[in-house]
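This briefing goes through the structure shown below by topic, from cysteines and overall make-up to helix packing and local backbone geometry.

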Amino acid sequence: MICKTFELDHLKHYKYVVILSTYHGSILLSRHRERMTWETQGGHIEPGETPLEAAKRELYEESGAVKYEIEPLCDYWAGDGDTFQGAGGVVFTAVIHELGGLPESEIAEVREFASLPEQLTYPAITPALFGRKAGTVKNAAAVLCEDIRYLTGRALWETENLIKCIPDELWDRRYDGLPMWKYLYHTLYSMDRWYINPCDANYRNPEFHTEYMADLNVIPTEEQVSREQAEAYFYRIRDKLETYIRLLTDEELGKKPDGCSMTRFRLILGQFRHWHRHMGLIYGFLVEDTGKWPYVLNMDAAYPEGPMPNYYG
């Protein structure tokens, strides 16, 4: 049996590694310069290499991956009738988060596929390793963090744009007894507290915060949040969230932060729900009072090239 860590021993009868990689949820395949068919990344284990070291090297050489998560899936033996005749190998799954340029190698190009193409270099091996069902890869759901990064980035852009869409004359305008700034501050404060860990013992409120400032059930009297304070607070939250999700892994999503009864994934989903609901309220106030609709990024829409604020039409 091969060592469970794939690191401690270099077993001589394991000669190859095969890497099943995904990028943004798609299968990533490579094409060699001398062949027209597509294949998973992989190759020989060099003398002195562990299978994991070989897998990381081959992944970079054959895809240009510079940021990824990789883990062993299984070992296999390819006997007569397969391309790897009489050779044992180790299969890895890799979720690629960032591709660099292709290094100088035998690879001509890499391409994303929604499912396995018909022209495969190792037709007897590759479909079997993909679970005998085109397009299915163990741990393919490991792209969750990539999707979270993508959608959080878009939501942060929309929030900044929305803040800049609020005209000065509406900043203190009251809706159902509450000023515009309080609806915004409630949204920002919830992002700050609930996206990562509402039970964080080290959390500190912003310096201008008062006890009921973010509570929509309490009508303010003398207290106020200025535009400058709100924007500075937003940028602080944005940096905090971007740092958090940049380092977040799919394995951590199912775990609970310290002192919290909810998983990180549930916190993020819940915050998206709350975040966008209250942004929608502010959109409605602005449309009613200004007749202009602040720009909203659709799922695959390009970011506007012009400076903020951006409106439709």
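How many disulfides does the structure hold? The structure, a predicted model, holds zero disulfides. The points below take up the cysteines, the fold as a whole, the packing around helix 5, two buried residues and two backbone details.

**Cysteines**
- The cysteine sulfur closest to that of C260 belongs to C199, at 4.5 Å.
- A disulfide requires two cysteine sulfur atoms within 2.5 Å, so the sulfurs of C260 and C199 are too far apart for a bond.
- C260 is buried, its relative accessible area being 9%.
- C165 is also a buried residue, with 3% relative accessible area.

**Overall make-up**
- Seven helices and eight strands form the secondary structure of the protein.
- Of the 313 residues in the protein, 48% are buried.
- The exposed surface of the protein is about 16,400 Å², and 51% of this area comes from carbon and sulfur atoms.
- Among contacts with a separation of 6 or more, 71% link residues 24 or more positions apart.

**Helix 4 and helix 5**
- Two packed helices are described by the angle between their axes and the distance between the axes.
- For helix 4 (residues 180-194) and helix 5 (residues 227-247), the axes come within 10 Å and the crossing angle is roughly 25°.
- An angle under 35 degrees counts as roughly parallel, and helix 4 and helix 5 are therefore roughly parallel to each other.
- The crossing of helix 4 past helix 5 is left-handed.
- On the helix 4 side, the contact is made by L184, Y185, L188, Y189, M191 and D192.
- On the helix 5 side, the residues in this contact are A230, Y233, F234, R236, I237, K240 and L241.

**Helix 3 and helix 5**
- The axes of helix 3 and helix 5 cross at roughly 175° and come within 11 Å.
- Angles over 145 degrees count as roughly antiparallel, so helix 3 and helix 5 are roughly antiparallel to each other.
- Helix 3 contributes I148, R149, T152, L156, T159, E160, I163 and K164 to the contact.
- Helix 5 meets these residues with R227, E231, F234, Y235, R238, L241, E242, I245 and R246.
- F234 and L241 of helix 5 appear in the contact with helix 4 and in the contact with helix 3.

**R149**
- R149 is part of helix 3, which spans residues 144-165.
- R149 has 17% relative accessibility; buried means under 20%, so R149 counts as buried.
- Beyond residues up to four places away in sequence, R149 touches H97, I245, R246 and L248.

**Y175 and its surroundings**
- Y175 lies in strand 7 (residues 174-175) and is buried at 10% relative accessible area.
- Outside its neighbours within four places in sequence, Y175 contacts L170, M180, Y183, F285 and D289.
- The C-alpha atoms of Y175 and I282 are 10.0 Å apart, while the two residues are 107 positions apart in sequence.

**Backbone details**
- Most residues other than glycine have a negative phi, and most peptide bonds are trans.
- D176 is not a glycine, yet has a positive phi of about 55°.
- D176 sits in the loop between strand 7 and strand 8 (178-179).
- With 76% relative accessibility, D176 counts as exposed.
- The M308 to P309 peptide bond is cis, with omega near 0°.
- P309 belongs to the segment after helix 7 (264-290).

Key: Residues are numbered from 1 along each chain as its sequence is written. This is a predicted model: local features need pLDDT of at least 70, side-chain atom pairs count only at pLDDT 80 or more; totals for chains, interfaces and linings use all residues. Side-chain values use heavy atoms; hydrogens and water are left out. Buried means under 20% relative accessible area, exposed over 50%, partly exposed in between (1.4 Å probe, protein chains only). Helices (H or I, at least four residues) and strands (E, at least two) are DSSP runs, numbered from the N terminus. Contact means heavy atoms within 4.5 Å. Accessible areas come from the Shrake-Rupley method with a 1.4 Å probe; for residues, only the protein chains shown count as cover. Axes are lines fitted to C-alpha atoms, for helices over the stretch in contact, and angles run from 0 to 180 degrees between N-to-C directions. Angles under 35 degrees count as roughly parallel, over 145 as roughly antiparallel, 65 to 115 as roughly perpendicular and the rest as oblique. A crossing is left-handed if the near helix is turned anticlockwise from the far one by less than a right angle, and right-handed if clockwise.
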